[in-house]
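This report describes a structure chain by chain, and then looks at a few of its parts. Please keep the sequence and the 3D view at hand while reading.

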Amino acid sequence: MQARDVALRQLNRLTTGIALAALAALGVLSAISAYTIPGTATTSSTAATASTGASSLTPSGLQSSSTPATSSSGTPVAVSGGSH
Amino acid sequence: MDILLWYTTRGAGAVTLVLLSGSVVLGILSVLRVQSAAWPRFLTTGLHRNLALMTLVFLALHVVTAVVDPFTHLGWLTAVVPFSSYYRTLWLGLGTIAFELLLAIVATSLVRGFIGQAAWRWVHWLTYAAWPLGVVHGLGTGTDTWSPWFFALTVICVGAVATALVYRLVAGSPDPLTGPRAEFEAAVQRRESP
């Protein structure tokens, strides 16, 4: 019974450790992905092109969405890079 | 804000791949009844279960951040209906199937007592479909596919699972009752045959 309790404690410790490591990895890998392929914010001229319905190629050569995102100030902004 | 969602989607996808691979490896090791004095067998199965649940949490984060990202306009339908996305239809569709298979695997594991061992085992075999689908989804859809860090992570995960699989195939059945069971079945057949 004591051995079982010890093993259960070990399981809890391992699970907590892995969960914390996974959270840390999420932050680190998100940061690395941002560093390697950050995406770019382009000006409203790109957004105007996108809003015509035709897809446009970003400077990184990746296809942007046909609908531009809008910033909080109301100025149209298209974000590109990778999936964006 | 949407760019942060995009980074989180990519980070959560990578973490999900690692956790899922770890869970698959532990699942294979638990079948092989790997244990020692310092590592009892139920530690392998317990960690396997906890890793699977953690995988679902990060997978949910990966899906939700992708769907709510206002730039991509994927929509919630993409998360549940395979191949319904306008964007990279095939690769996202494979990811959706992998997501649903994992949901089925974890859900049936939680109600294993109700559905019975045989049904649970059949559904659990779907892991061998869900994991490669997830890997292919990451390679096909992933913005970071050819980034050295993501490529290295994928190679490590594939290597770990492949090694565990080969070990399982080579080690054969670790069931101590395999021999006696086969002898019993043979004896029954001899008795039944005229």
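## Chain A overall

In chain A, 30% of the 84 residues count as buried. The model is a predicted one. Chain A contains two helices and three strands. Read from the N terminus, its elements follow the order α-β-α-β-β.

The exposed surface of chain A comes to about 4900 Å², and carbon and sulfur atoms supply 63% of that area. Among the contacts in chain A with a separation of 6 or more, 37% are between residues 24 or more positions apart.

## Helix α1 of chain A

Helix α1 of chain A covers residues 2–36, which is 35 residues. At 1.5 Å a residue, a helix of this length should span 51 Å. The C-alpha atoms at its ends are 50 Å apart, so the expected span and the model agree.

Which residues of α1(A) are buried? They are Ala7(A), Leu11(A), Thr15(A), Ala22(A), Leu26(A), Leu29(A), Ser30(A), Ser33(A) and Ala34(A). These buried residues pack against three helices of chain B: α1 (2–31), α2 (41–68) and α8 (148–171).

## Gly27 of chain A

Gly27(A) also lies in helix α1 of chain A. Its relative accessible area is 41%, and because the partly exposed class lies between 20% and 50%, Gly27(A) counts as partly exposed. Ile37(A) is ten residues from Gly27(A) in sequence, and the C-alpha atoms of the two are 15 Å apart in space.

## Chain B overall

Chain B has nine helices and zero strands. Its elements, taken from the N terminus on, therefore read α-α-α-α-α-α-α-α-α. The C-alpha trace of chain B spans about 70 × 35 × 25 Å along its principal axes.

Of the 194 residues in chain B, 44% are buried. Chain B exposes about 10400 Å², with 73% of this area supplied by carbon and sulfur atoms. For contacts in chain B with a separation of 6 or more, residues 24 or more positions apart account for 61%.

## Leu17 of chain B

Leu17(B) is part of helix α1 of chain B. Is Leu17(B) buried or exposed? Its relative accessibility is 10%, and buried means under 20%, so Leu17(B) counts as buried.

Leaving aside residues up to four places away in sequence, Leu17(B) touches Val135(B), Phe150(B), Thr154(B) and Cys157(B). A separate pair to look at is Leu17(B) and Phe58(B), which are 41 residues apart in sequence. In space, their C-alpha atoms are 9.4 Å apart.

## Two packed helices in chain B

Helix α4 of chain B (residues 89–110) packs with helix α6 of chain B (residues 117–124). Their axes are 9 Å apart and meet at an angle of about 160°. Angles over 145 degrees count as roughly antiparallel, so α4(B) is roughly antiparallel to α6(B). The crossing of α4(B) and α6(B) is left-handed.

Which residues meet where α4(B) and α6(B) pack? From α4(B) there are Ala104(B), Ile105(B), Thr108(B) and Ser109(B). From α6(B) there are Trp120(B), Val123(B) and His124(B).

Definitions and conventions: Residues are numbered from 1 along each chain as its sequence is written. Chains are lettered from A and ligands numbered from 1 in the order in which they are written. This is a predicted model: local features need pLDDT of at least 70, side-chain atom pairs count only at pLDDT 80 or more; totals for chains, interfaces and linings use all residues. Side-chain values use heavy atoms; hydrogens and water are left out. Helices (H or I, at least four residues) and strands (E, at least two) are DSSP runs, numbered from the N terminus. Buried means under 20% relative accessible area, exposed over 50%, partly exposed in between (1.4 Å probe, protein chains only). Contact means heavy atoms within 4.5 Å. Accessible areas come from the Shrake-Rupley method with a 1.4 Å probe; for residues, only the protein chains shown count as cover. The expected span of a helix is 1.5 Å times one less than its number of residues. Axes are lines fitted to C-alpha atoms, for helices over the stretch in contact, and angles run from 0 to 180 degrees between N-to-C directions. Angles under 35 degrees count as roughly parallel, over 145 as roughly antiparallel, 65 to 115 as roughly perpendicular and the rest as oblique. A crossing is left-handed if the near helix is turned anticlockwise from the far one by less than a right angle, and right-handed if clockwise.
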